[in-house]
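This report describes the fold, the packing and the charged pairs of one protein chain. Please consult the sequence and the structure shown below while reading.

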Amino acid sequence: MKNLTAKILGLFLAVSCVCSSADAQTYRRGDYRRARSGTAFSRMHGGGDYFPMGYAGVRLGANAANLSFDGMHGINKSSIAGLNLGVVGGYSLSMYTPIYLESGLLYTQKGVEGSKADEDLKVNMHYLEVPLVFKYRINVNPYSVDNLNVQPFFGAFAAVGFAGKTKDFGVREKVDTFGPNAFRHFDSGLRLGCGIEFQNLYAEVSYDWGLTNVARSNFKHLGFDSFDDKIHTSTLSATVGFNF
């Protein structure tokens, strides 16, 4: 999996360099919309503001991922560090209000480390994920195209697991995370967070709350007798990027 992660990261950095050199985002007024005078947004910012009609961007960040085992007691868990990277794009939904619909394609790592009844477990999960969120762009410096703005957002995500290993250190066994006796491939849930943008530079903190049961196995071989066969993902992410 380390080789897979390194290859994906290398490809991402190469694409990012090419896109950055192209610098596709131009600052022409024709590429921007203006808040209508008299709206709540324009009154908030003193009468008016320009905001981009759309954007595309690349993202790279770190995850602190965990799993919740519903109905289970006495398990010691800790978050597992992971990587997220990908591309996103957004488009303004209104001529006069800076509300955006953003989606994209991300590679993200999830999982957990845990132990119970002297059995240690480490779960690595590799996903391709599609987020779909609504963003509201709040300018800190109105009337400027090269501005600082804050972007709270809320929405959902859907993901498909394609690789990973689950390690049982008690019996020194390693199995495919998405094998027939482990986890389901599909995951989905809610996403919320807040981003900040200055010119082309972007950073955000987000939280993914998984709502889909990803358990395929009852894990009784690990002594999880109180487990009610439901597992959900959760991921806290810190991400930086570049918008075009």
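## Backbone at Gln 199

In which loop is Gln 199 found? Gln 199 belongs to the loop between strand 12 (186-198) and strand 13 (201-210). The structure is a predicted model, and in it the phi angle of Gln 199 is near 55 degrees, a positive value in a residue other than glycine. The side of Gln 199 open to solvent can be expressed as a relative accessibility of 35%, so this residue counts as partly exposed.

## Overall architecture and confidence

The protein contains two helices and 14 strands. Of its 244 residues, 45% are buried. Among contacts in the protein with a separation of 6 or more, 67% are accounted for by residues 24 or more positions apart. The exposed area of the protein is about 11900 Å², and carbon and sulfur atoms supply 62% of it.

The mean pLDDT is 80, and 68% of the residues reach 70 or more. Two segments call for caution. Over residues 18-30 the pLDDT stays under 50, and the model has 18 contacts beyond four places in sequence for them. Over residues 35-48 the pLDDT also stays under 50, with 26 such contacts in the model. Where pLDDT is low, the predicted coordinates should not be read in detail.

## The nonpolar core

The largest nonpolar core has 15 residues. Those with the most contacts inside it are Leu 67, Val 123, Met 125, Tyr 127, Phe 183 and Ile 231. Two or more residues of this core come from each of strand 3 (54-69), strand 7 (119-136) and strand 9 (148-163). Strand 7 gives the most, with four residues.

One of the core residues, Leu 67, is also among the residues touched by His 232. His 232 is found in strand 14 (residues 231-243). Is His 232 buried or exposed? Its relative accessible area is 16%, and buried means under 20%, so His 232 is buried. Not counting residues up to four places away in sequence, His 232 touches Asn 66, Leu 67, Ser 68 and Asp 70, together with Gly 210, Leu 211, Thr 212 and Asn 213.

## Salt bridges

Side chains of opposite charge can pair when their charged atoms come close. How many salt bridges does a search of the whole structure find? The search finds eight.

In one of them, the side chains of Glu 102 and Lys 135 meet at 3.0 Å, N to O. This pair links distant parts of the chain, as Glu 102 is in strand 6 (residues 99-116) and Lys 135 is in strand 7, 33 residues apart. Both partners are buried: Glu 102 has a relative accessibility of 7%, and Lys 135 has one of 3%.

Strands 6 and 7 also supply the partners of another salt bridge, between Glu 129 and Lys 110 at 3.2 Å, N to O. Because Glu 129 lies in strand 7 and Lys 110 in strand 6, the pair ties together parts that are 19 residues apart in sequence. Glu 129 counts as buried at 1% relative accessibility, and Lys 110 counts as buried at 3%. Lys 110 and Glu 129 are further linked with Asp 187, Arg 191 and Asp 208 in a network of salt bridges.

A further salt bridge joins the side chains of Arg 137 and Glu 197 at 4.0 Å, N to O. Arg 137 is in the loop between strand 7 and strand 8 (138-139), whereas Glu 197 is in strand 12, and the two are 60 residues apart. Arg 137 and Glu 197 are both buried.

## A nonpolar surface patch

Which residues make the nonpolar surface patch of about 690 Å²? The patch is made by Phe 154, Leu 192, Val 205, Tyr 207, Trp 209, Leu 211 and Leu 236. Strand 13 contributes the largest share, three residues.

Trp 209, a member of the patch, is placed in strand 13. With a relative accessible area of 47%, Trp 209 is partly exposed. Leu 211, another member of the patch, is one of the residues that the buried His 232 touches.

Key: Residues numbered from 1 in each chain as written. Heavy atoms only, no water. Core = buried A, V, L, I, M, F, W, Y, C linked by side-chain atoms within 4.5 Å. Buried < 20%, exposed > 50% of the residue type's maximum accessible area, 1.4 Å probe, protein only. Contact = heavy atoms within 4.5 Å. Areas by Shrake-Rupley, 256 points an atom, 1.4 Å probe, with all protein chains shown as cover. pLDDT = per-residue confidence, 0-100. Patch = residues over 30% accessible without salt bridge, like charges linked within 9 Å, V, L, I, M, F, W, Y side chains within 5 Å.
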